[in-house]
Amino acid sequence: MSFQNFLTGNLSTRSGNINFLIARVVSVVYGPYLADNKTPNPDYNDATDIGTIRYVIINSAQYDSDLATGNPVAKPAWPHLKQIPLESEYVYLIPGPSVDLNDKAGAQDYYYLPPFGLWNSPHHNALPALNEVADYANQTQETVYPLGHGFLEKADLKSLRPFVGDVTLEGRWGNSIRFGSSLKANEVDNYWANSNADGDPITIIRNGQGVSVDKDGWIPTVENINLDKSSIYLTAGQQIVIDDVNRNFPLSSFGTQLQATITQVKEMTPAITSNEGLSPQYVDNQISKNGPDGL
């Protein structure tokens, strides 16, 4: 499909095939203003525009430029799960139904899927055009090319190491959810394989990557409850060892420390189970007051 046909809406789907286009993201709408929070965003009309992108299509005449003028904006394809791309990340574009369908038969909008994993990194997968990087450096004398709306690149953020059967969901900042299991074959590689049986489920919610032994963001990591910033472990028989409760979990926000406590055990007097120790007078009083079953 030609670039011109894409822009003019001449899309042939009679065969049932949808032609995907690959585009580099130029700008993203996060709200009514641009990154300086002062300049109005020209692509923002109302809240439904949040998450829409401008782009240039690769292998087209405009790819070597950041000018997306004339291209229709593209919306997120999934309303329930959104990974809004950064500037200079790459996405699939697909045609889809427009809200103008009732006014114009066959009206279409354009939608994007989550960005390609060029670097296989959850942090970012941007690849700016070389001429843009050169222009930016010449104009600003900065060597770090911006990825949009104040995004701060952290080169040491790692992806999670997967184990067989795992399902993982990873954010851009070291936050993640792992739906995993205990497999004895992984005992030397993670901290939860010690379990009752192979296949015991475990769910790990991690908010913040722990202190890393290296700065190589491309080498994956494994969750560690003693090093990660905060965690929730939903276990099913696993043993999660906390090395130092006071050092790793000081409860400083509560103004206190975890401390061992000694519970005093008080011996209870055994309950009376027969009438042998009761005086005849006490027994007569209880029967007259409560009846034969009053004892």
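What share of the contacts in the protein chain with a separation of 6 or more comes from residues 24 or more positions apart? The share is 56%. This figure, like every other value in this report, comes from a predicted model.

## Overall make-up

The protein chain has 295 residues, and 33% of them count as buried. Its secondary structure comes to 4 helices and 9 strands. Along the sequence these elements follow the pattern α-β-β-β-β-β-α-β-β-β-β-α-α.

## Strand β1 and its partners

Strand β1 covers residues 21-28. Because 6 of its 8 residues are buried, β1 is largely enclosed by the rest of the structure.

β1 pairs with strand β2, residues 53-57, in the antiparallel sense, and 5 bridges join the two. One of the bridge pairs places V28 of β1 with I53 in β2. β1 is also joined to strand β4, residues 90-97, by 4 bridges, again running antiparallel. Here I22 has Y92 of β4 opposite it. In general, strands of a sheet pair through backbone hydrogen bonds, in either a parallel or an antiparallel arrangement.

## The nonpolar cores

The largest nonpolar core has 12 residues in all: L21, A23, V25, V28, I53, Y55, I57, A74, V91, L93, Y110 and Y112. At least two of these residues come from each of β1, β2, β4 and β5, the last of which spans 108-112. β1 gives the largest share, with 4 residues. There is also a second, separate core of 7 residues, among them F163, I202, V222 and I225.

V25, a member of the largest core, shows which parts of the chain come together around one residue. Leaving aside neighbours within four places in sequence, V25 is in contact with I53, R54 and Y55, with P85, L86, E87, S88 and E89, and with V91. Of these contacts, I53, Y55 and V91 are listed in the largest core as well.

As a general point, side chains in a regular strand alternate between the two faces of the sheet.

## The sheet of β6 to β9

Further along the chain, 4 strands form an open sheet with antiparallel pairing, in the order β6-β7-β8-β9. β6 (167-170) and β9 (231-234) are at the edges; each has a single partner strand, so one side of each is left without a neighbour in the sheet. From one strand to the next, the twist averages 10 degrees.

Inside this order, strand β7 (residues 175-182) pairs with strand β8 (residues 200-207) over 8 bridges in the antiparallel sense. N175 has N207 of β8 as its bridge partner, and S176 is bridged to R206 in β8. R206 also has a bridge partner in β9, namely S231. In total, 4 bridges join β8 to β9, and these two strands run antiparallel.

## Cavities

Rolling a probe the size of a water molecule over the atoms shows where empty space is left. The structure holds 3 cavities of 30 Å³ or more. The volume of the largest cavity is about 80 Å³.

Which residues line the largest cavity? The lining consists of P76, A77 and W78, then L81, K82, Q83 and I84, and finally Y112, L113 and P114. Y112 is also a member of the largest nonpolar core.

## Two residues with positive phi

Most residues other than glycine have a negative phi. S88 has a positive value, with phi near 75 degrees. S88 lies in the loop between β3 (74-76) and β4. Is S88 buried or exposed? S88 has a relative accessibility of 2%, so this residue counts as buried. S88 is also among the residues in contact with V25.

H149 likewise has a positive phi, near 50 degrees. H149 is in the loop between α2 (130-140) and β6. With a relative accessible area of 34%, H149 is partly exposed.

Note on methods. Residues numbered from 1 in each chain as written. Predicted model: local features only at pLDDT ≥ 70, side-chain atom pairs only at ≥ 80, totals over all residues. Heavy atoms only, no water. Buried < 20%, exposed > 50% of the residue type's maximum accessible area, 1.4 Å probe, protein only. Pairing = 2+ DSSP bridges. Core = buried A, V, L, I, M, F, W, Y, C linked by side-chain atoms within 4.5 Å. Contact = heavy atoms within 4.5 Å. Axes fitted to C-alpha atoms, helices over the stretch in contact; angles between N-to-C directions. 1 Å grid on protein atoms, 1.4 Å probe; cavity = no way out; pocket = protein on both sides within 12 Å on 5 of 7 lines; lining within 4 Å. Points joined across faces, edges and corners; volume = space filled by probe spheres on them.
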